[in-house]
Amino acid sequence: MRAHISTLLLAVTSLDAAAQGTITSRVAQAPNGVVHLQYDGRAGVCGNGRDMVGYRNSYFARNMQSYGTWHDAKCVPGPLRVTLSVAGGQVTRVQTQVGGTWPDAEGRVTDLGTVQPRDASAYFFSLVPLLETQGGKDRLLLPAVLAEDAPIIAPLLALARDDARETNTRRDAMHWLGQLGDASVVAPLVGFAKSDTNDDDTGKSGRKSLATAALAALSMIEGDVGIPALIDLARSGSTVVRRDAVFWLGQTDDPRARATLHAVIENREEQEQVRSHAI
């Protein structure tokens with residue numbers, strides 16, 4: 001089962017199957033207990049050596065995650081350290097920390113040492129279909145997307161487009177497209193914002209939809225390259241899309257966004273819920 005799912009995902013994303021398989025085989029051969037591996041993270045990744053991990057405007061701590069401006073003096077750079085819970089050769093849980101010491105573990109510990117970041121990223125992307133339904137907030141995509149110099153746009157797009165994946169997984173993939181993407185991800189995100197069938201004109205749905213995640217991602221892309229598309233959606237999308245687009249425009253400091261919000265507020269023909277979000 002693992003080999004089939006891993007092969008399918010790697011075929012879609014064109015990941016390095018040979019390198020990924022090395023970690024896969026080593027983990028599969030490990031005895032029941034935990035497996036440790038570490039590797040370099042992207043520039044700007046920090047943590048407190050335990051459960052807190054930060055990158056750009058993303059902040060993850062025990063049982064919570066936040067996106068926006070944050071500050072934590074205890075968030076310091078360090079290598080990514082990942083602890084895998086393993087039973088019968090199968091990974092049952094993934095825990096990611098930055099720096100610090102390895103957490104206390106029950107049972108036998110197998111240490112794989114330092115691995116290549118690209119190899120680790122490919123491996124952790126392959127685990128997504130196996131672990132996404134197990135619940136909890138283990139921050140499943142963190143060890144894949146935060147690996148130094150790993151190619152993550154193609155696998156993230158594959159996850160976001162995969163109807164077989166959990167909605168939360170697809171939303172998280174879009175978030176990281178916003179955090180780590182460039183102008184090349186604008187068109188796909190706009191497509192998600194326009195095509196999500198969970199959105200309607202009542203304003204009662206869509207807050208946790210794929211469209212909302214896509215709009216949020218557009219507001220996060222480095223260099224504000226997603227702002228023009230977000231402005232267009234604020235003017236021409238469905239009521240729900242316009243409402244959420246103006247909300248995310250309001251989270252930026254871009255002068256084009258502020259001008260658009262003023263125009264929406266002054267437009268007496270606009271839906272009240274959209275104008276209220278602009279205000």
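Cys46 and Cys75 are both buried in this predicted model, which puts each of them under the 20% cut-off for relative accessible area. These two cysteines are also joined to each other: their sulfur atoms sit 1.9 Å apart and form a disulfide. The structure holds 1 disulfide, and this pair makes it. Looking along the S-S bond, the angle comes out at 90 degrees, and the link between Cys46 and Cys75 is right-handed. What does this link tie together? Cys46 belongs to strand β2, while Cys75 is found in the loop between β5 and β6 (80-87), so the bond connects parts of the chain that are 29 residues apart in sequence.

Strand β2 leads straight to the sheet. As a bit of background, strands in a sheet pair up through backbone hydrogen bonds, and they can do so in a parallel or an antiparallel way. Here, the sheet is open and has 4 strands, in the order β2-β3-β4-β5, with antiparallel pairing. Why do β2 and β5 each have one side without a neighbour in the sheet? Both β2 (46-47) and β5 (64-67) stand at the edges and have a single partner strand, so one side of each is left free of a neighbour there.

For β5, there is a bit more to say about pairing. Strand β4, which covers residues 58-61, pairs with β5 over 4 bridges, again in the antiparallel sense. At the level of single residues, Ala61 has Met64 of β5 as its bridge partner. A helix joins the picture too: α6 (residues 167-180) packs on the sheet and touches β3 (53-55), β4 and β5. The direction of α6 makes about 135 degrees with that of β4.

Two residues are worth a look for their backbone angles. Arg56 is not a glycine, and yet its phi is positive, at about 50 degrees. This arginine is placed in the loop between β3 and β4. Is Arg56 buried, exposed or partly exposed? With a relative accessible area of 35%, Arg56 is partly exposed, as that value falls between the cut-offs of 20% and 50%.

Asp224 tells a similar story further along the chain. Its phi is near 55 degrees, once more a positive value in a residue other than glycine. Asp224 lies in a loop as well, this one between helices α8 (210-220) and α9 (227-236). The relative accessible area of Asp224 is 30%, so this aspartate is partly exposed.

Methods:
Residues are numbered from 1 along each chain as its sequence is written. This is a predicted model: local features need pLDDT of at least 70, side-chain atom pairs count only at pLDDT 80 or more; totals for chains, interfaces and linings use all residues. Side-chain values use heavy atoms; hydrogens and water are left out. Two strands pair if DSSP finds at least two bridges between them. Contact means heavy atoms within 4.5 Å. Axes are lines fitted to C-alpha atoms, for helices over the stretch in contact, and angles run from 0 to 180 degrees between N-to-C directions. A disulfide is a pair of cysteine sulfur atoms within 2.5 Å. Buried means under 20% relative accessible area, exposed over 50%, partly exposed in between (1.4 Å probe, protein chains only).
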